[in-house]
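I opened this model to look up its surface patches and its cysteines. My entries are below.

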Amino acid sequence: MEMAWSVEDNILRGMDGPTSVFLAGSFQAAVISFAVIIAVGVVICLFGLKLVRILSALIGLAAGVCIGIAIASVLKFTGMQTLIASLVCALVLAVLCAVIRKFGIFVLTLISTMGIVSSLLWPRTWILAGVCAAVSLIMSVLSILKTEAVVTVVTGISGGLSAGMSIAALIGLNEKNWWIGYVISAALALIGIWFQFMMQSRKIGKKEKVYSRQVREEVSMESEVERARLILEDDEEDGEGEDDSDIVIGSGKKNKERKNKKNRRDQKEKGKKDGKKIKKDRGSSEDQEDDDITFINEEL
């Protein structure tokens, strides 16, 4: 900053009148512009992934203005027609980028990557311009597949590059030591990418904790339901066991009664058989006695 102000003093000392006033105002405006770019670049570098919808809408707005101007120039619009075409294209593209998240990320990655590659390669030929376009398109497609990682890297590099080069311009670095601006940009980009990945990992960790707690609650609820079901099954089995024991006891009594009746009937039949046998024995004994008496009488 001191170098910038010293450069201003050296320039203004050699100027007089309206020219010096104009240059002083221009220099102050440039300083303010660089300060704003540095602040915005640092914010994008550190919080690009969180601000992805806002950044997509702003990129869509700027791209829509450019598209509207291009359409107006092709259709040869003039004055108010050009302004209306630019505003319509800007609003439509900004709304699409803000509402459709994947589309907004695609446009954001495409334009940001094109700016990064262009600032590094300085494409002065069609070949380099084609290389910039191809790299930007590839990164845009990857941003749809791996959104968090690609957006983190792109916004970190883009924000770091904007802030670093603005810092280099603000402190008055010239073409001989331009590489210092890239070193500052690389340092800011690495810090921003690391910071964004750390924030994303914490966010994922919180989501995993919430999910694990929900899973534990579901498992505990299922275990309680299973325990209650087992208790009910045990109660039903105990009830069925008592019913079966009552049935067994009742059937046992009936069987015993039947057995007693059969024993009494058998005893009666046995008694009848014994009585008949006794009578038969008595009859045979009487017949034998009669035979003996008759035999004795015949002998006499």
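These notes take the nonpolar patch, then the positive patch, then the cysteines.

**Entry 1: nonpolar patch.** I am working with a predicted model. I looked for nonpolar side chains gathered on the surface and found a patch of about 990 Å². Its members are Met 80, Leu 83, Ile 84, Leu 87, Val 88, Val 92, Val 95, Leu 96, Val 99, Ile 100 and Phe 103. Which element gives the largest share? I traced that to helix 4, residues 80–99, with nine residues.

**Entry 2: Leu 83.** I picked one member of the patch, Leu 83, and placed it in helix 4. Its relative accessible area is 46%, so I list Leu 83 as partly exposed. Patch members need over 30%, and Leu 83 has 46%.

**Entry 3: positive patch.** I then turned to charge. Lys 50, Arg 53, Arg 101, Lys 102, Arg 202, Lys 203, Lys 206, Lys 207 and Lys 209 form a positive patch on the surface. Helix 5 (101–121) and helix 8 (179–299) are the elements that give two or more residues to this patch. Helix 8 gives the most, five residues.

**Entry 4: Lys 206.** I checked Lys 206, which sits in helix 8. Is Lys 206 buried or exposed? I read 59% relative accessibility, so Lys 206 is exposed.

**Entry 5: cysteines.** How many disulfides does the structure hold? I found zero. I looked up two cysteines for their surroundings. Cys 66 is exposed, at 54% relative accessible area. Cys 132 is buried, at 3%; the cut-off for buried is under 20%.

How values were computed
Residues are numbered from 1 along each chain as its sequence is written. This is a predicted model: local features need pLDDT of at least 70, side-chain atom pairs count only at pLDDT 80 or more; totals for chains, interfaces and linings use all residues. Side-chain values use heavy atoms; hydrogens and water are left out. Patches are made of residues with over 30% relative accessible area and no salt bridge: like charges are joined within 9 Å, nonpolar side chains (Val, Leu, Ile, Met, Phe, Trp, Tyr) within 5 Å. Accessible areas come from the Shrake-Rupley method with a 1.4 Å probe; for residues, only the protein chains shown count as cover. A salt bridge is a side-chain nitrogen of Lys or Arg within 4 Å of a carboxyl oxygen of Asp or Glu. Helices (H or I, at least four residues) and strands (E, at least two) are DSSP runs, numbered from the N terminus. Buried means under 20% relative accessible area, exposed over 50%, partly exposed in between (1.4 Å probe, protein chains only). A disulfide is a pair of cysteine sulfur atoms within 2.5 Å. Lys and Arg count as positive and Asp and Glu as negative; His and the chain ends are not counted. The place of a charge is taken as NZ of Lys, CZ of Arg, CG of Asp or CD of Glu.
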